Amino acid sequence: MSGLRDFLTTILPTTGWFCASYGTIKNNKLQRVKHDFSQEIAVIEATLVKENSKGRDVYFTPNSFTEERRSTETASHSKSIYLDLDCGEGKMYATQAEGLKALTTFLTQTQLPKPTFIINSVSGL
């Protein structure tokens, strides 16, 4: 099993349709986004690896769906609690360092456990 598969297996639910998304960033916006669905984590992993090797930006949705459509209506399962902290010019946190400091303060104040993962998502955490 690869490190990516271990990661996906840790955070993704055990059932439903999973989604891998990919495209290219142009002018700071994701362009030509495509969504591939599968009920197998190994297929999502293979899609992410293949599209990344082509130089595309790749993403995955951390929950599953009841059908091959990404929407709030079809979202079905989640086994992770996640936050998306946008950082950069014009955002709440000017840098990832500021975002990480705010997250650390939040976790201390709320006495929530430390995250299992903190992921650098290029412009955020």
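Let's start just past a helix: Gln-111 sits in the segment that follows helix 3 (96-110). Keep in mind that this is a predicted model. From Gln-111 we'll move out to the chain as a whole, then come back to a few residues worth finding on screen.

**Gln-111, an unusual backbone angle**
- Gln-111 has a positive phi of about 60°, even though it is not a glycine.
- Why look twice at that? Most residues other than glycine have a negative phi.
- Is Gln-111 buried or exposed? Its relative accessibility is 70%, so it counts as exposed, since the cut-off for that label is over 50%.

**The overall layout**
- How many helices and strands does the protein chain have? There are 3 helices and 5 strands.
- If you trace the chain along its sequence, the pattern you meet is α-β-β-α-β-β-β-α.
- Picture a box of roughly 40 × 35 × 30 Å, taken along the principal axes: that is what the C-alpha atoms fill.
- Take the contacts in the chain with a separation of 6 or more: 55% of them are accounted for by residues 24 or more positions apart.

**Inside, outside and charge**
- The protein chain has 125 residues, and 30% of them are buried.
- Its accessible surface comes to about 8,700 Å², and carbon and sulfur atoms own 53% of that.
- On the charge side, you'll find 14 positive and 13 negative side chains. The centres of these two sets lie 4 Å apart.

**A nonpolar patch on the surface**
- Which residues make the nonpolar surface patch? They are Ile-25, Leu-30, Val-33 and Tyr-59, and the patch covers about 320 Å².
- Zoom in on Val-33, which belongs to strand 2 (residues 29-38).
- Val-33 has a relative accessible area of 38%, so it is partly exposed. That value also fits its place in the patch, because patch residues need over 30% relative accessible area.

**Thr-104, back in helix 3**
- Thr-104 is found in helix 3, the helix that Gln-111 comes after.
- With 44% relative accessibility, Thr-104 counts as partly exposed. The label applies because 44% falls between the cut-offs for buried (under 20%) and exposed (over 50%).
- Now find Glu-51 as well: Thr-104 and Glu-51 are 53 residues apart along the chain, and their C-alpha atoms are separated by 33 Å.

Conventions: Residues numbered from 1 in each chain as written. Predicted model: local features only at pLDDT ≥ 70, side-chain atom pairs only at ≥ 80, totals over all residues. Heavy atoms only, no water. Patch = residues over 30% accessible without salt bridge, like charges linked within 9 Å, V, L, I, M, F, W, Y side chains within 5 Å. Areas by Shrake-Rupley, 256 points an atom, 1.4 Å probe, with all protein chains shown as cover. Salt bridge = Lys/Arg side-chain N within 4 Å of Asp/Glu carboxyl O. Helix = DSSP H or I, 4+ residues; strand = E, 2+ residues; numbered from the N terminus. Buried < 20%, exposed > 50% of the residue type's maximum accessible area, 1.4 Å probe, protein only. Contact = heavy atoms within 4.5 Å. Lys, Arg positive; Asp, Glu negative; His and termini not counted. Charge placed at Lys NZ, Arg CZ, Asp CG, Glu CD.
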